[in-house]
Amino acid sequence: MPVPDIFRIKICGLSDFENAVAVSHSGADAIGLNFFSQSKRCVDLDTAVKIANTVRGEVQIIGLFVNAAPSEIEQTHQQVGFNWIQLHGDESVEFAQAVHQSTGVPILAASRGSLIRWATLPDDFHPQALLMDAAVPGSFGGTGHLSNWDLAATWRTMPHLKHLVLAGGLTPENVSEAIRAVQPSAVDVAGGVEVSGQPGVKDLTKVEAFVTAARKAFAELPKE
Ligand SMILES: O=C(O)c1ccccc1N[C@@H]1O[C@H](COP(=O)(O)O)[C@@H](O)[C@H]1O
C-alpha cells in the first residue's frame, strides 16, 4: 500500500467557524475537528461541515474520534469529508484497519506513551501514521502535557512506521526544540495556541508563531 503524503503542521480542536477559517489561512497544513463529546474542544456537526466546505483544498481536514462506533465515524466522514481519521482512544489495530477499509481514509493512530498496541501489528495492516501524545492518567489527550520525546525519537526506527506525528504540550516556544529532538514527520497542537480560557478558539498570533517556528525547524532538519 503506498504511503500517503502527510501534513507537516496540524492545529487541532477548532470549534468556531470564523476562527477555524482564519487558522486555515495561517500557514498550517491541517486542521483537526474533534468529535469526542467529552472534549472541551468538541465541534458540532453543522459547524464542522461548514468549516470543511469552506477550507477544503486549502488545508487537510482531520477528524478526531475517541472510542467512537464505526458507524459514527463513517457517517461523520460522509458529511464532513476527512483527509485523515485520528483515532485517539483505546481503539485496536483491527478497529483501525476496519475504519480504514470502510472509509478509504488513512488512519492517524494515537498512542499515549506506549506502543504496545501498534508494535504487534498484523502483517497486513499498519496505520498510515502514528501520533505520540502525553500519557496522563484519566485523560485521552489534549492535556497540554509534554509527551516522551526520547521514546518518540526511538519510534522512528520502528519497522513499518510510515509517519510519526509528535503531539503533547507543544507551543510556539518549544516546537523547534521538539522537532530537532524527535525529527517527526509532523507536529500537532491543540492547547498551546489557544486563546486563554476559550478551548476550541485559537489565538492567531500564537498560531502564526507556532507555524513559523515549526516551518523553520523542519527546513533545518538534515535531509534523509
Ligand atoms: O484536544 C482535546 O481535547 C483532545 C481530547 C481527547 C483526545 C485528544 C485530544 N486532542 C489531541 O491531543 C493532542 C495534544 O494536545 P495538546 O497540544 O497537548 O493540547 C493533540 O494530538 C490533539 O489532537
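Here is a walk through three spots in this structure: a pair of helices, a buried aspartate and some aromatic rings. Keep in mind that this is a predicted model.

Let's start with the helices. Find α2, which covers residues 45-55, and α3, which covers residues 70-80. Their axes sit 9 Å apart and cross at an angle of about 45 degrees, which makes α2 oblique to α3. If you want to see who does the touching, look on the α2 side for Leu45, Ala48, Val49 and Ala52. Across from them, α3 brings in Thr76, Gln79 and Val80. Sorted by class, this contact between α2 and α3 has five nonpolar residues and two polar ones, with no charged residues.

Now jump along the chain to Asp188, which you'll find in strand β8, residues 186-189. Is Asp188 buried or exposed? Its relative accessible area is 6%, so Asp188 is buried, given that the cut-off for buried is under 20%. Its side chain has a polar partner in there: the side chain of Lys10, at 2.7 Å. Lys10 also turns up among the residues in contact with Asp188 once you set aside neighbours within four places in sequence. That list further takes in Cys12, Gln86 and Leu131, plus Val165, Leu166, Ala167, Gly168 and Leu170.

On to the aromatic rings, where the count comes to five pairs. One of them is Phe35 with Phe82, an edge-to-face pair with ring centres 5.8 Å apart and 65 degrees between the planes. Phe35 belongs to the loop between β2 (30-34) and α2, while Phe82 belongs to the loop between α3 and β4 (84-87), so this pair ties together parts that are 47 residues apart in sequence. Phe35 is buried at a relative accessible area of 10%, and Phe82 is buried too, at 6%.

Next, take Phe36 and Phe140. Their ring centres are 5.7 Å apart and their planes lie at 90 degrees, so this pair is edge-to-face. Phe36 is in the loop between β2 and α2, and Phe140 is in the loop between β6 (129-133) and α6 (149-155), so the pair links parts that are 104 residues apart in sequence. How do the two partners fare for accessibility? Phe36 counts as buried at 14% relative accessibility, whereas Phe140 counts as partly exposed at 26%.

One last thing to look for before you leave the rings: Phe35 and Phe82 join Phe65 in one aromatic cluster.

Terms used: Residues are numbered from 1 along each chain as its sequence is written. This is a predicted model: local features need pLDDT of at least 70, side-chain atom pairs count only at pLDDT 80 or more; totals for chains, interfaces and linings use all residues. Side-chain values use heavy atoms; hydrogens and water are left out. Axes are lines fitted to C-alpha atoms, for helices over the stretch in contact, and angles run from 0 to 180 degrees between N-to-C directions. Helices (H or I, at least four residues) and strands (E, at least two) are DSSP runs, numbered from the N terminus. Angles under 35 degrees count as roughly parallel, over 145 as roughly antiparallel, 65 to 115 as roughly perpendicular and the rest as oblique. Contact means heavy atoms within 4.5 Å. Ala, Val, Leu, Ile, Met, Phe, Trp, Tyr, Cys and Pro count as nonpolar, Asp, Glu, Lys and Arg as charged, and the others, Gly among them, as polar. Buried means under 20% relative accessible area, exposed over 50%, partly exposed in between (1.4 Å probe, protein chains only). A polar contact is a pair of N or O atoms within 3.5 Å; within protein, one must be able to donate a hydrogen and the other to accept it, and residues adjacent in sequence count only if both atoms are side-chain atoms. Rings of Phe, Tyr and Trp (its six-membered ring) pair if their centres lie within 6.5 Å; planes under 30 degrees apart count as stacked, over 60 as edge-to-face and the rest as tilted.
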